[in-house]
Structure formats: C-alpha cells, structure tokens
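Dear colleague,

I am passing on the structure we spoke about, with the sequence alongside. Please have a look at it first, and then read the notes that follow.

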Amino acid sequence: MSEIEELSQFLTLETRLDVKALALQQTLGLTGTADGRQMLINTPCVVKNLCKLLNDYQKSVAKDASLALINLSADEDLTSTLVTEGTEIIENMLNIITNPEHELADPACMVLSNLSRTKLGSERLFQTMGEKLEKYIDIFCQEKYNKKGARLHYLAAVFSNLSQIPAVRSYILDPSRTCLQRLVSFTDYKDSTTRRGGILGLIKNCCFETDHHDFLLSDAVDLLPKLLLPLAGHEEFDEEDNDKLPIDLQYLGEEKTREQDPDIRKMLLEALTQLCATKYGREYLRSKNTYVILRELHKWEKNDNVLAVLEHLVNIVIRFEHEIGYDNLKKEVEVPEEITEKFNALEPAL
C-alpha cells in the first residue's frame, strides 16, 4: 500500500477528528504541487472521500476539504479524470449548491467553475444538469437563496463556461424560457465583479448566435440598454440625442459612473460588436443612438485593449450599409478582411 493510499483511509467521516485533521492537512499540502495533485488523483477514493468530508460536522475539516477540491479542480490536466463517473464530484457539488443550508455552497460553485473551463468538463456538467439548468439559474437569481451567507457569485462563471457549448446557448436562447431575461439584469450588478463578468461572458457568447439577434434586441430581452448602461457616464446630451437613446440611458444623473473593470468593458464592447454582425443589429444600434455613448466612452477610455475593440465597433457603427455591403458578416462570402478577422478573433473557444 502506498503512502497516499494509506493517507486516503483516514479521509472519512468516521475517522477520529485529530487523525482526520492531520491527514487532511497533508492532503491539502499535496494539492499545492503538480506532482502531489497527480498522486492524489491516481489514488482511488481520494476525491470521493474529500467530497464526503464537505459534510463533516467539524467546520475546519469541511473547509480544508473544500480547499483541496478547489486546488485539484484548478489543474486542467486533471479535469478528464475528475469528471469521470466514479468520482461523483459534479453531482456532489450540485447537491451542495441546491441545499440552502449548506455553508460550503460558494466553494462548490468554485469547483464547478474550474471543472467547466474545459470542453469535456463543461459538457459533462451540462449532461449532469440536463433540463435542470433552469433550476440553477433560478437559484442564482435568488440572492438570499442560501441561508448561511453563500452568495453563489461563481455560478455566473459556471454559466459563462457552459455557454461556450452550442446546446447550452440554444437552451438559454429558447424564447419559451425566461433564462436570459433574468440573467441580463446582472450586467450592472455592483456587489460582485465575478457575477457581473460571468453573466457578460454568457451574453457575449449568446450574441454569436446571429439567428437570435432579433430576439436579443426585442422588448422581451431588451439587451441593448443592458450593454450600454455600464459604458455610459454622466455626460449631458442635447434633447435630440437624448430622445434617440433607449429610455434607460436618458438623462443620467451626475452620480452615474462607468464600469471600472477594463476586462468587463471589453466584454461589453465585444458583445455589441457581435450584434453588429447582422444588418438588423447594426441598424438597430444606430437607431438607438449607440454612437454617442461610444463617442463619450472613447474620450474617457485609457486602456489600449479596450480602445482597440471600441474603435473597431465605432468603425462599423458609423459606416453606411452600402459601404459594408453585406447583411450577415459571419455568413456572407468575401467579407472585407479587416472586419471578418475581428469577428473571428472573438469566437467562443474551448
């Protein structure tokens, strides 16, 4: 019996507390190195035992077990092993998230966020969730769902990762559901960059579905003001420009500030750029005076990466349709290279 196999025998709910705590400390230490993680993952029952310890009556034991699982799941080289049927790690994390009395729901969300970064991990997670995905969206939208203080912000990162799968985007964009309508309300969520950024990642991926641009920009979803509002400051416009803007962007007060995170500003602009892939989207953005919001943002923006995306978007918005010459920039042939290469660079990838 190897040392790791011997160690794993003590990672059980029944083991005496002092012995269990010591074994867990050694296990947690091993998760800090690639070699240590590999040895643990190659030992039967380690992951299953760690999952069971999340329900240990001793909070310190349960917390250390959650940290060990976070470290293991963060190693993408181990994902294929972790998501196999025998470990039951996905099922255990989902059970914890749905339990409103569990104190480790946030670490469980982090584990799933790590696992779903790869194609295999996200596909396995969606396979396990199945038609219950909407249930987890319901839980996410209830900010006080967890009675022990867990905020479940990392579920947003899980949804963003899952949305890289075409089947998930179809699920989210199904007009018979209200998934997207509920999630878009978090694009300007002040209390968590993780929640805000994860939902914007999902929205950006959904914007790649050009056949759904009509739905995304319809009154049912009302996506455009949700994307523009975080990019708007407190600038004053004349009455003519104000009247053309979506109602949510008219006469913003002096206290209005822009999104502070440059990565999130970049995602907002990338989503708007994808909406410009169709003639319908471009004309809709122009009709809602999107340009004036982008113009003022350009005066304020200092980040070079954000400016590059912003200037590309402005270049599309200010062009006449006869200059572009194509309805759908992602489907038509012989699209101008300077436009298509930008869209290709934004494609969702796993």
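**Glu131 and its surroundings**

With a relative accessibility of 60%, Glu131 counts as exposed, and since this is a predicted model, that value, like the others below, is computed from the predicted coordinates. Glu131 belongs to the loop that runs between H9 and helix H10 (133-141). Leaving aside residues up to four places away in sequence, Glu131 touches Tyr171 and Arg177. The C-alpha atom of Glu131 is separated by 40 Å from that of Glu311, which is 180 residues away along the chain.

**The chain as a whole**

The protein chain has 23 helices and zero strands, and its C-alpha atoms fill a box of roughly 75 × 45 × 40 Å, taken along the principal axes. Of its 350 residues, 53% count as buried. If one takes the contacts in the chain with a separation of 6 or more, 70% of them are accounted for by residues 24 or more positions apart.

The UniProt record, an unreviewed entry, lists residues 97-266 as "domain: Protein HGH1 N-terminal". Over residues 97-266 the chain is 52% helix and 0% strand, and the C-alpha atoms at the two ends are 30 Å apart.

**Two helices that cross**

Helix H9 (residues 119-129) and helix H11 (residues 154-162) have axes that come within 9 Å and cross at roughly 105°. Because angles from 65 to 115 degrees count as roughly perpendicular, H9 and H11 are described as roughly perpendicular to each other. On the side of H9 the contact is made by Ser122, Leu125, Phe126 and Met129, and on the side of H11 by Val158, Asn161 and Leu162.

**Helices with buried residues**

In helix H4 (residues 46-53), six of the eight residues are buried, so this helix is largely enclosed by the rest of the structure. The buried residues of H4 are Val46, Val47, Asn49, Leu50, Cys51 and Leu53, and they pack against helix H1 (3-8), helix H2 (17-30), helix H3 (34-41), helix H5 (59-73), H6 and H7.

Further along the chain, helix H20 (residues 290-300) has Thr290, Val292, Ile293, Leu294, Glu296 and Leu297 as its buried residues. What covers the buried residues of H20 includes helix H16 (223-228), helix H17 (239-244), helix H18 (262-275), H19 and helix H21 (304-317).

**Aromatic rings**

The count of aromatic pairs comes to five. One of them joins Phe186 and Tyr189, whose ring centres are 5.7 Å apart and whose planes stand at 65°, so that the pair is edge-to-face; Phe186 and Tyr189 are each buried. In the pair of Tyr280 and Tyr284, by contrast, the ring centres are 6.2 Å apart and the planes are at 25°, so this pair is stacked. Tyr280 and Tyr284 are four residues apart in helix H19 (residues 279-287), which means that about one helical turn separates them. Tyr280 is partly exposed, having a relative accessible area of 36%, whereas Tyr284, with a relative accessible area of 17%, is buried.

One aromatic cluster is formed by Phe140, Phe159, Phe186 and Tyr189. Arg195 lies over the face of Phe140, at 3.9 Å from the ring centre, and Arg195 also lies over the face of Tyr189, where the distance to the ring centre is 5.3 Å.

**Two residues with a positive phi**

Glu88 is not a glycine, and yet it has a positive phi of about 60°. Glu88 is placed in the loop between helix H6 (79-82) and helix H7 (89-98), and with a relative accessible area of 37% it is partly exposed. Leu152, another residue other than glycine, likewise has a positive phi, near 60°. Leu152 is found in the loop between H10 and H11, and at 2% relative accessibility Leu152 counts as buried.

With best wishes

Methods. Residues numbered from 1 in each chain as written. Predicted model: local features only at pLDDT ≥ 70, side-chain atom pairs only at ≥ 80, totals over all residues. Heavy atoms only, no water. UniProt positions renumbered as here; feature names shortened; annotations may be inferred. Phe/Tyr/Trp six-rings, centres within 6.5 Å; stacked < 30°, edge-to-face > 60°. Buried < 20%, exposed > 50% of the residue type's maximum accessible area, 1.4 Å probe, protein only. Lys NZ or Arg CZ within 6 Å of the ring centre and 35° of its normal. Contact = heavy atoms within 4.5 Å. Axes fitted to C-alpha atoms, helices over the stretch in contact; angles between N-to-C directions. Parallel < 35°, antiparallel > 145°, perpendicular 65-115°, else oblique.
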